[in-house]
Amino acid sequence: MNFVDKIEQAKDTISTALKTWPHLTVACSFGKDSVVTLDLCLQIKPDIDIFTVMTPFKPKETLVYKDYMIANWLKRPIREFIVPATSAPDKHWQTEPEDCCRIFKVEPTRKALEGYDAWITGLRSTEGWTRAGLAHIEKNQIPVKVNPILEWTELDVWRYLAVRELPVNPLYGQGYRSLGCAPCSRISESDDLPERAGRWVGTAKCGGECGIHSLPMRTS
């Protein structure tokens with residue numbers, strides 16, 4: 001598919017999801033992929049429900065960018081979820097990264113999805129090995145997970161952001177390709193590596209997932 005076809009396919013996926021599961025929400029981490037996905041959603045349903053999960057360890061740049069985008073782009077409040085840093089031992093991200101992600105990312109996301117039939121994400125299959133082989137609509141998930149830009153490349157994302165003249169998180173200008181919490185995100189050593197290669201470097205989670213896309217969000 002060419003770029004225009006990918007945009008139309010993404011919009012069709014979102015429209016189908018909204019018709020099938022009216023009680024739906026869209027996740028936004030305020031990374032490049034989330035902003036693209038949210039912009040596509042807003043063109044179809046301007047009042048779509050939006051949530052974000054921010055940890056106490058997000059870089060200052062991400063938090064400032066989030067507040068700017070909410071105030072100046074969305075121009076309306078969204079549901080925000082954050083767990084206090086005191087909910088885990090100091091530097092828990094260093095000693096128990098899996099559990100740290102569970103406390104600060106997985107559990108608040110589960111809270112955010114309570115009562116919803118489906119949610120829309122900005123997952124892309126080329127980001128890393130953990131995201132290959134997914135479907136545009138994952139009906140085996142509870143709630144159903146919708147991935148409208150799944151087949152987009154990194155270049156497609158940047159092209160869309162440029163065409164739509166959307167502000168981007170300033171950390172990308174520093175060389176980051178995938179954004180997460182400050183202690184667990186690095187600038188990738190090579191452009192030949194997957195986008196998520198700079199995540200959790202030096203741990204068993206390197207290039208992997210925090211858990212919100214690899215663990216059940218609800219079992220029934």
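# Reading a predicted model, term by term

Reader: What makes Thr 86 count as exposed?
Author: Its relative accessibility is 74%. The cut-off for exposed is over 50%, so Thr 86 counts as exposed. Keep in mind that we are looking at a predicted model. Thr 86 is found in the loop between strand E3 (79–81) and helix H4 (92–95). Between Thr 86 and Cys 41 there are 35 Å from C-alpha to C-alpha, with the two 45 residues apart in sequence.

Reader: Thanks! How do you know whether Lys 205 is buried or exposed?
Author: The same kind of test works here. Lys 205 has a relative accessible area of 7%, and buried means under 20%, so Lys 205 is buried. This lysine is found in the segment after helix H6 (154–164).

Reader: Which residues does Lys 205 touch, leaving aside those up to four places away in sequence?
Author: Lys 205 touches Pro 97, Glu 98, Cys 101, Arg 199, Trp 200 and Cys 210. A contact here means heavy atoms within 4.5 Å.

Reader: And why is Arg 218 called partly exposed?
Author: Its relative accessible area is 28%. Partly exposed lies between the limits for buried, under 20%, and exposed, over 50%, so Arg 218 is partly exposed. Arg 218 also sits in the segment after H6. Not counting residues up to four places away in sequence, Arg 218 touches Leu 113, Glu 114, Gly 115, Tyr 116, Ile 142 and Pro 143. Arg 218 and Glu 80 are 138 residues apart in sequence, yet their C-alpha atoms are 19 Å apart in space.

Reader: You mention Ile 142 and Pro 143. What kind of peptide bond joins them?
Author: A cis peptide bond, with omega at about -10 degrees. Pro 143 belongs to the loop between E5 and strand E6 (144–146).

Reader: What makes the phi of Lys 75 worth a look?
Author: Phi of Lys 75 is near 60 degrees, which is positive in a residue other than glycine. Lys 75 is found in the loop between helix H3 (60–74) and E3. With 66% relative accessibility against a cut-off of over 50%, Lys 75 counts as exposed. Glu 165 also has a positive phi, near 55 degrees. Glu 165 lies in the segment after H6 and is exposed, at a relative accessible area of 71%.

Reader: Let's turn to the strands. How do you know the order of the sheet?
Author: The 6 strands form an open sheet in the order E3-E2-E1-E4-E6-E5, with mixed pairing. E3 and strand E5 (137–138) are the edge strands, because each pairs on one side only.

Reader: What makes E2 and E3 a pair?
Author: Two strands pair if at least two bridges are found between them. Strand E2 (residues 49–53) is joined to E3 by 3 bridges, so the condition is met, and the two run parallel. Within this pairing, Phe 51 stands opposite Arg 79 in E3.

Reader: And how many bridges link E1 to E2?
Author: Strand E1 (residues 24–27) and E2 pair over 3 bridges, in the parallel sense. Here Ala 27 stands opposite Phe 51 in E2.

Reader: Why is E2 called mostly covered?
Author: Of its 5 residues, 4 are buried. Since buried means under 20% relative accessible area, the label for E2 follows from that count.

Reader: Zooming out, how do you know whether the radius of gyration agrees with a compact globule?
Author: For 220 residues, a compact globule would have a radius of gyration near 17 Å, and the protein chain has 16 Å, so the two agree. The C-alpha trace spans about 45 × 40 × 35 Å along its principal axes. Buried residues make up 50% of the 220 residues. Among contacts between residues at least 6 apart in sequence, 71% join residues at least 24 apart.

Reader: How many helices and strands does the protein chain have, and how many charged side chains of each sign?
Author: There are 6 helices and 6 strands, running α-β-α-β-α-β-α-α-β-β-β-α from the N terminus. The protein chain carries 28 positive and 28 negative side chains, and the centres of these two sets lie 3 Å apart.

Definitions and conventions
Residues numbered from 1 in each chain as written. Predicted model: local features only at pLDDT ≥ 70, side-chain atom pairs only at ≥ 80, totals over all residues. Heavy atoms only, no water. Buried < 20%, exposed > 50% of the residue type's maximum accessible area, 1.4 Å probe, protein only. Rg over C-alpha atoms; globule rule 2.2 N^0.38 Å. Lys, Arg positive; Asp, Glu negative; His and termini not counted. Charge placed at Lys NZ, Arg CZ, Asp CG, Glu CD.
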